[in-house]
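Visitor: I would like to go through this structure with you, chain by chain, and then turn to a few individual side chains. Could we have it in front of us before we begin?

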Amino acid sequence: MDRPAGFSGPFVRQRRIRAGPNAVSDADLSRCVHCGLCLQHCPTYTETGLETESPRGRLYLIKAIAEGRIEATPTAVGHLDLCLQCRNCEAVCPSGVPYGRIMEGARAEVLANGRTPLAWRLRTLFLREVIARPGRMAALAACLRLYRASGLRWLAERVPYVRDRVVLAPTVSGPTFPPKAGVLGRPQDKARGRVALLTGCIMPHAFGRVHEATVRVLARNGFEVVAPPGQLCCGALHTHSGDRPTARALARRNVDAFVEANADAIVVNSAGCGSTMKEYGELLADDPEYADKAERLAGLVKDVTELLAGLPLEPPSGRVEALVTYQDPCHLAHAQRISSAPRYLLSAIPGLRLVEMARPDRCCGGAGVYSLAHRDMSLDLLDGKIQDVAATGATMIATANPGCMAQLEAGLRRYRLPGRVVHVVELLDEAYGRSPDGV
Amino acid sequence: MLDFQVVTNPALIRDLRRAVGAKWVLDAPEDLIVYEYDATIERGMPEAVVLPDSDEQVAAAVRIARRHNVPVTARGAGTGLSGGAIPCDGGVVIATSRMNRILEVDPENRLAVVEPGVINLDVSEAVAPYGLYYAPDPSSQKACTMGGNVAENAGGPHCLRYGTTTNHVLGLQIVTPEGDLLWLGDKTPDPPGYDLTGLVVGSEGTLCIVTKIIVRLLDRPQSTVTLLAIFDEVDQASRAVSAIIGQGIVPAALEMMDRNTMRAVEEAVHAGYPPDAGAVLLIEVDGLEEETREQADSVRALCDELGARELRIGFSLEDRERLWAGRKGALGALGRLAPSYYILDGVVPRTKLPAVLRGVYEACDRFGFQVANVFHAGDGNLHPNILFDERVPGATQRVLDLGAVIMRLCVDAGGTITGEHGVGYEKRNYMSWIFSEDDLEVMGRVKLAFGTGGAFNPGKVFPSSKGCGEVSSRMKGAIAKAGPDAYV
Ligand SMILES: Cc1cc2nc3c(=O)[nH]c(=O)nc-3n(C[C@H](O)[C@H](O)[C@H](O)COP(=O)(O)OP(=O)(O)OC[C@H]3O[C@@H](n4cnc5c(N)ncnc54)[C@H](O)[C@@H]3O)c2cc1C
Ligand code: SF4
Ligand code: SF4
């Protein structure tokens, strides 16, 4: 068939394939057949209507950059940066495009090649110099704690101009848990095994209560729970941001710490961290010393809901009378493909009624540090989410990830709505606590 | 370094920005590049993309493009399978993604008025509370837009019984090449005068831009039964298709997938298809309770008779959805078998199905490509998907050649070159296989009557010897080519 000139036509050309530790694989990229079936599942596409902010568009941009058709200009990089990495597209893609892996590789490439926007570089610096360092993290948490306790937050969130700028900062209150590494809980009677808990970077400070509940629920179900010493932040935020060197350094430390702990399973109650730890094998694949260890360790990682739902669960007999709606954390539902386990656990609680909101697996806009970097998009998504929640009439939002919890709490405050945001294990814990034989 | 050149006219961009707001006009190469594709393997860059929010803004954008002498190509979700939304001659792309409001639902009169960017499935979801639905259901219905459906006269599995888009559109608001807003048809089923609505449905964006659509809604059938029959051989399955229709049963849907497709689907949705089966038929019957049971029984008996090795049946919505899951995700799942696929869309008389299918397999063998067939067997609408790797030098050209051979098979069997995906860019050169010079002349005159010339979606539908091929020097400059492109 003759083809007219001037029309780029079916695209056939030699590729400039980049090699190196961050390279996005050509095989991964060519899996996308541009069918468009992911578009309506992408929050940034449905918010903007722009193909440039869609999974298909971003994949195409990454490919065009890799092939040298376009440069990684601020405009192009901006489109990659606005992605939430919620991986909703990946979960619905019939062609099996490994979007998460591709986007992480592309961001690493952008960061390594030095044309990264300033805000991105600052974010990376913050992640590396604060989040990854427990001491500085504790200091930051102390500031946030004071900010709330002093009433400054109350004030700031009532000043019109300031309000939108501060509302997404996470709440830090309540005691830090665990105060130190070691054995956190022991089974009451029959022992099922020994699990190691990832304590994480911000969780102990902002959501110590979730760790406490996790430990009690696991103990109640026959597990000894230990927090291995020497563990650090899992590196999820660094991977997502493209800072693979830091992510790999953290992963290696964690591999050492958790191998040392020699537990039957590694329990994670933060979906984002769990998804990254399950991918440690991939992250360290090029490290001859760690590749195998990392792969094996990754196989032991379980989300706390996944672990519990797979057991003959100790039936909670106490009642939790509440209308609850469940928000699927993206990294649980899409990255780990776990969506029935948490619902099963909720439905096991006497008195609790679960009402589904519209689109429960749509990102709430939290997405790690996204809410700090892209406030407007984050708030738009949060507003939609809170409307969906409000439509259910639920008084409690259950979820399974600290980032989502912080974001949803901010949403309730923003709308001055009553209600509570809880981790699924907190509700289980309450039900156990209220059992006639409760502890 | 750019390997393509975008010649933008600053005055054009400025005027567009003034009309729709700066944020909604794209002109950076990094932005334009994601508008160079749709779901086909064709590519073509626009020089500006506009995302209007209202019919008025569409009209304004059309007027501006006209003033600057550049063509306009409408774009819905870019799921098209004939290169329709690709601006093969540059110019302005008007993307309807922001015009996605359902303006009116009138359950009494069973109709709805929607904007062109509304997603097909969203219409059915919005009217579900009234027990109604919108019948045409392309497999891409979770993603494709109503505007795209109208332009392509989209069909779907259930169009066997209920007809394609054209049977469900009552009226359209359009923007003419002069940039005027105009209503064709209205809320009544059969308005007097020429059926201009019918003319626009299926015109692939070459006559006008659609800005509002009045659609007909149907009552949800009282009862629906879905059957899935697995056969050892494709031949058996195609015989079953003829036998079912021959019995006077008109199923709501009658779909077939062959072994390669089943392999891809199995990987994607774990539908439980046996790996050594040759073909699977999906048959859906609906209507009144009693009627559907009876029909389901006859279908079952027929499939048994023709050697089906396994039959599954679903009554509840959940079970039926499970049976359908494989079919709905089939096309996308082909990405698991090969990096690229080239989907064909031929139609043959139902009785010729077995012979043509054999021909398709033979031709693909000869060219050395794998093929996966997934199609609307009930109306003889074939979709052979040629699997290939576009990175292999020369592969794309050979695939296109093979496509032509298969299209020829369909035409020789008394069929035609498109069932539902449209002619678009891809198949325009096959037009002369089925239409005489005189036929094409008449079509060209229709285009002229609309006053379109090359204003809307140039380079589509009409054979390239008379179309944009000769004059597609667009990227460089002016467009005094409305004439040649209009073919007359
Ligand atoms: C996985 C998959 C399955 C599919 N299954 C089917 C199927 O079963 N049946 C079927 O018929 N098709 C099917 N298709 C093809 C495609 O989805 C349809 O052709 C659909 O109608 C295209 O809609 P769109 O919004 O994506 O339009 P686009 O691809 O964006 O555009 C298609 C054409 O419509 C024109 N157009 C768009 N909006 C307007 C407007 N407002 N006014 C005027 N012209 C306009 C464009 O210029 C272009 O020519 C499938 C595609 C995929 C990827
Ligand atoms: S990512 Fe998957 S669903 Fe999205 S366009 Fe590509 S192949 Fe289709
Ligand atoms: S990860 Fe989420 S935001 Fe990013 S492209 Fe996919 S669906 Fe869209």
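Visitor: What share of the accessible surface of chain B belongs to carbon and sulfur atoms?

Guide: Since this is a predicted model, the areas discussed here are computed from its coordinates. The accessible surface of chain B comes to about 17500 Å², and the part of that surface belonging to carbon and sulfur atoms is 51%.

Visitor: How many helices and strands are there in chain B, and what is its radius of gyration?

Guide: Chain B contains 18 helices and 20 strands. For its 488 residues the globule rule gives 23 Å, and the chain comes close to this, so it is as compact as a globular protein of that length. The radius of gyration of chain B is 23 Å.

Visitor: Which percentage of the residues of chain A is buried?

Guide: Chain A has 24 helices and 9 strands, and its C-alpha trace spans about 80 × 55 × 45 Å along the principal axes. A compact globule with 439 residues would have a radius of gyration near 22 Å, and chain A agrees with that at 22 Å. Counting as buried those residues with under 20% relative accessible area, the buried share of the 439 residues in chain A is 61%.

Visitor: Is B:R320 buried or exposed?

Guide: B:R320 is found in helix α11 of chain B, which covers residues 317-328. Leaving aside residues up to four places away in sequence, B:R320 touches B:T224, B:V225, B:T226, B:E284, B:G314 and B:F315. Its relative accessible area is 13%, and because the cut-off for burial is under 20%, B:R320 counts as buried.

Visitor: Which residue offers the backbone oxygen that the side chain of B:R320 reaches?

Guide: The residues that B:R320 touches include B:G314 and B:F315. The side chain of B:R320 reaches a backbone oxygen at 3.5 Å, and that oxygen belongs to B:F315.

Visitor: Over the face of which residue does B:R408 lie?

Guide: An arginine in chain A offers a parallel case, as A:R107 lies over the face of A:W120, at 5.7 Å from the ring centre. In chain B, the distance from B:R408 to the ring centre is 4.6 Å, and the residue whose face it lies over is B:W433.

Note on methods: Residues numbered from 1 in each chain as written. Chains lettered and ligands numbered in written order. Predicted model: local features only at pLDDT ≥ 70, side-chain atom pairs only at ≥ 80, totals over all residues. Heavy atoms only, no water. Lys NZ or Arg CZ within 6 Å of the ring centre and 35° of its normal. Helix = DSSP H or I, 4+ residues; strand = E, 2+ residues; numbered from the N terminus. Buried < 20%, exposed > 50% of the residue type's maximum accessible area, 1.4 Å probe, protein only. Polar contact = N/O pair within 3.5 Å; in protein donor to acceptor, adjacent residues only side chain to side chain. Contact = heavy atoms within 4.5 Å. Rg over C-alpha atoms; globule rule 2.2 N^0.38 Å. Areas by Shrake-Rupley, 256 points an atom, 1.4 Å probe, with all protein chains shown as cover.
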